[in-house]
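Colleague: I am new to this structure and would like to go through it slowly, one topic at a time. Could we put it on the screen before we begin?

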Amino acid sequence: MSSLAAVSIFLGYLLILFGVAYIAEGRRGWLGRMFHNPFGYALSLTVYCTAWTFFGSVGRAANDGLSFLPIYLGPLMLAPVWPFLMEKIIRIAKSERITSIPDFISSRYGKSRTLGLLAATFLVIGTVPYISLQIKAIAAIFDLLTEGTTLTHAQPFYRDNALFLTLVLALFTVIFGVRRLDANERHQGVIAAISFEGVFKLLAFLFVGIFVVWVFFGRTDTPSFFEALTLPSLAGMSSISASGITGWDWFWLCLVSMAAVVLLPRQFHVSVVENNNIGDLKRAAWVFPLYLLLINLFVLPIAAAGYLHFGAEGLASADTFVISLPKSLGYPLVATIAALGGFAAATGMVIMSTISLSLMISNNIVLPFLLEFDRKANRNDSDLSKPLLNIRRLIILLVLLLAYGYYQSVGNRYSLVAIGLISFTAVAQFAPSVLAGLYWKAATKRGALIGLVAGFILWSYTLALPTTGGMLGFGPEMMANGPWGLSWLRPHQLLGAGGMTPIAHGAFWSLLVNCAGLAIFSLNDQPDAMEIRQADFFVDHDKYRRNNQEYQTRRRRAKVSDLEQLLSRFTGAKGARKFVRNALGAGRYDRLRRGGLASPELLLKVEQKLSGAIGTASAQVLMRGITKEDPIKLEEVIAILRKTQDAVQYGKELEVKQSELEAVTTQLRAANQQLRELDELKAEFISTVTHELRTPITSVKSLARILLDHHDMEAEQRATFLKIIVSESERLTRLVSQVLDIEKIEQQRWTDEGHVLDFNQLVRDAISSLRALLREHDIFLEKELPETPLYVTGPADRLTQVIVNLLGNAIKFVPDEDGQIRVSLRKDPATSMAELRIQDNGPGIPPEKHELIFERFTQISSSTQGKPSGSGLGLHISKTIIERCGGSIGVEAGYREGAGFLIRLPISPAPALRRPDNISPSETTPKAPPPPTST
């Protein structure tokens, strides 16, 4: 492929990227709305996967087997706690208008300008080599597509296609990444482009992986992938023990990758600054780990295929297997797709890293000197909004040129992974001060400063400077013998610590002195008022957020007009006026803008607005220039924080009281609803009872009126009418009795509650009381009762009423001929319950009405007998009685699908018998209870 064709392909890809960003920025049409999907935030986090992932993982796998995994295991191990950690960081960052790691550290440790300056400097030093890694990958892609060479790149810089595309990336970043001064405003176009690149590079890598598995390993002259791993030359590729690194090395590689996924400038920017919805964290917590698993799925197959195809001599350029393998096999289209995927991986990292670095450098390095220059030149009212934007644009170009220079001078001598791991270890130096700032109030500015400086000195000595290739005296002799021949100062074996890879060695020493310096100097330091205030806010941020508490521990005074003028230097006069007017309200703004003093709330809002534009440290310096601040003692700060704590505690108590009140309110509502339902049931009950009473009363009244008006009625007719009157009167009596029974039962007025009685005898007596009725209807009753007593607890007359009622129903419903009833009683050994079954061979009860028949005034009509006589209260009363005794009643099948009822009651121990002293034990026999009267 010619250079012109390769450049055209990549320029075409960049034009697509421009289009995606442009459409997403303006939300134009359905395509623009598509880029505003809920997965956009999660996909933007995949900027973690750079050219190192796309090319370097394969190269490391080919040379050292599974040693590429710790870089991805670290983020995977962090995934369970990542949402909780990031939620706290994001909430603090949004409150303080933080835009970078230096801003975060500076704000936490007393808004220290010095700490912000050092942190920004260290991050630039640690990140520029990582950006150069991407430029190295871009150069390799062009070499492979056009010349087929390896990673060496010897042509002059002015003819270097990698430089040309680097400048195009700078143009893209300037156009879409530096459009507003306030970095907290979301760069939707850039995020959409990064999300698009995340999807594209994943699909490209999966495409190459599938190609390798199906085409390369699918050939007849090539073993399958799993067979290839058993070959002696590849046996160590899938073995942890053969990876060349120890468990100690794995630990440190996982640790620095855990720090990097949070603290890399680009990761902090996309995960914190570009977040506008805390809820997106939950989705990202599973999408991002899944992405890491997928993009590493075919690393080993590609590495194994590359080794088998190119042989051991090809390991020197194993980073290029993703492109060189399909190209060598005669598949230029697959090679081109792989090249575009790698280009996407590199460009995404370059764009986000340069955006975040431009913010850090401008806010923490350039701006302080610019403000000092303006102060000396007495230009305190100059508009800096446009100059600052131009400065950030210029910084983007300078950072990319610096990274290109590092690539040309140093980067060519090291692999992609080596450069990336050095940058990861540099970024890990911020982990102690960030984590301590979030969870340890005693951490101070002095401790963070000493720890950070000490850590970076050790990082530079053990990792960064040895990569300069002999510059600054770090030549082979010094690396082997140490400076001045002191072997204990050897950069890769400091104090004689050997047996580790350079990365693990450098990470161990740098983080050890970093943490030690932070802890020792913090514990022996006296923080000032600002440090105490910020420490309390960062560590206990939730209490301020939940209770809407301000944390002003400074007595500051400033005019509203001065604040507006200061703000106009960075947002323009119109923007400043609009911001202050919205903060105060139209009425207060018109009243206070001419000499009125600003409230503490307005001071805080203006400072936070400035922090988003120029960083927290610079914002504080500017605020000090226009405010008069009364001195405040340390004891007063502590007292204020204690008051805040008291307010928080009071707020928590109010929350508890509110919860209790809500619970009581809920109970009252439930009780009120229950009363309403009871009232409705009562009204329904009265209506039903009235209806049931009216029928027999009407019948009695009509017949009595007939008898009264016809004295000459025949005796036989008169006797018939009188018989009906007596029958209806008895029905009235039964109905009234049952209504009274319901009232007594529901009010729990038992006459003999709690008596232990022989349920067996009770059943026998109930059957005996109905013998005459059974003979009258010629019904055969079969009983299966135990020979010994079976004791239960309850009122004897009520339980007898239940048994008689069920037997009476059975007698009513069995056929006139061949009527059969079966009564059985037994003890269930599994549940210690007495089980009474009353079954008949009548018409039965439909399954859908098994529960309905126990409702009040409910009767089941028979196709042969019609609607039965009675009030429909018997079964309802029976169920209520049984449940009050702790048992249950339900419907079962009877003879020949007839009706059956099952009563279950808890078995009670036999009652203790009292005997007089003059009666011998042999003479004492239990007396059966008197026969109950049926109702």
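Modeller: Two rings of Phe, Tyr or Trp, with the six-membered ring taken for Trp, are counted as a pair if their centres lie within 6.5 Å. Please keep in mind throughout that this is a predicted model.

Colleague: With that cut-off in hand, how many aromatic pairs does the structure hold?

Modeller: The count rests on ring centres that lie within 6.5 Å of each other. Applied to this predicted model, that criterion gives a total of 30 aromatic pairs.

Colleague: Which residues do ring pairs link into a cluster?

Modeller: A cluster arises here where ring pairs link several residues to one another. The members of this one are Phe10, Tyr13, Phe196, Phe200 and Phe343.

Colleague: Staying with rings, the charged end of which residue sits over the ring of Phe39?

Modeller: A charge is counted as sitting over a ring if, for Arg, the CZ atom is within 6 Å of the ring centre and within 35 degrees of the ring normal. Arg108 lies over the face of Tyr109, at 4.6 Å from the ring centre. For Phe39, the distance to the ring centre is 5.3 Å, and the residue that supplies the charged end is Arg283.

Colleague: Turning to the interior, which helix gives the largest share of the lining of the largest cavity?

Modeller: The structure holds 5 cavities of 30 Å³ or more, and the largest cavity has a volume of about 80 Å³. Its lining includes Pro75, Trp82, Val261 and Phe288, and the lining residues divide into 10 nonpolar, no polar and no charged. Two helices, helix 5 (70-78) and helix 14 (280-295), each supply at least two residues of that lining. The largest share, 5 residues, comes from helix 14.

Colleague: Among the salt bridges, why does the pair of Asp536 and Lys441 tie together parts that are apart in sequence?

Modeller: A search of the whole structure finds 12 salt bridges, and in one of them the side chains of Asp536 and Lys441 meet with N to O at 2.9 Å. Asp536 belongs to helix 24 (residues 529-539), whereas Lys441 lies in the loop between helix 20 (431-439) and helix 21 (445-464), so the pair joins parts whose separation in sequence is 95 residues.

Colleague: Is Asp536 buried or exposed?

Modeller: The cut-off for buried is a relative accessible area under 20%. Lys441, its salt-bridge partner, has 38% relative accessibility and counts as partly exposed. Asp536, by contrast, has 5% relative accessibility and therefore counts as buried.

Colleague: Which residues are linked with Glu835 in a network of salt bridges?

Modeller: Glu835 forms a salt bridge with Arg826, where the closest N and O atoms are 3.2 Å apart, and another with Arg837, where the closest N and O atoms are 3.3 Å apart. Glu835 counts as buried at 5% relative accessibility, while Arg826 counts as partly exposed at 40%. The residues linked with Glu835 in the network are Arg826, Asp828, Arg837, Glu892 and Arg904.

Colleague: In the backbone, what is the phi of Asp778?

Modeller: Asp778 lies in the loop between helix 33 (771-776) and strand 4 (779-784), and the residue is exposed, with a relative accessible area of 61%. Arg97, in the loop between helix 6 (82-96) and helix 7 (101-108), has a positive phi near 60 degrees although Arg97 is a residue other than glycine. Asp778 is likewise not a glycine, and its phi is positive, at about 55 degrees.

Colleague: How many Å apart in space are Gly874 and Val802, C-alpha to C-alpha?

Modeller: Gly874 lies in helix 35 (residues 874-884) and counts as buried, at 15% relative accessibility. Along the sequence Gly874 and Val802 are 72 residues apart, yet in space their C-alpha atoms are separated by 8.1 Å.

Colleague: And what distance separates the C-alpha atoms of Ser888 and Pro906?

Modeller: Ser888 has its place in strand 8 (residues 888-893) and is partly exposed, with a relative accessible area of 32%. Pro906 and Ser888 are 18 residues apart along the chain, and the distance between their C-alpha atoms is 9.5 Å.

Conventions:
Residues numbered from 1 in each chain as written. Predicted model: local features only at pLDDT ≥ 70, side-chain atom pairs only at ≥ 80, totals over all residues. Heavy atoms only, no water. 1 Å grid on protein atoms, 1.4 Å probe; cavity = no way out; pocket = protein on both sides within 12 Å on 5 of 7 lines; lining within 4 Å. Points joined across faces, edges and corners; volume = space filled by probe spheres on them. Helix = DSSP H or I, 4+ residues; strand = E, 2+ residues; numbered from the N terminus. Nonpolar A, V, L, I, M, F, W, Y, C, P; charged D, E, K, R; others polar. Salt bridge = Lys/Arg side-chain N within 4 Å of Asp/Glu carboxyl O. Buried < 20%, exposed > 50% of the residue type's maximum accessible area, 1.4 Å probe, protein only. Phe/Tyr/Trp six-rings, centres within 6.5 Å; stacked < 30°, edge-to-face > 60°.
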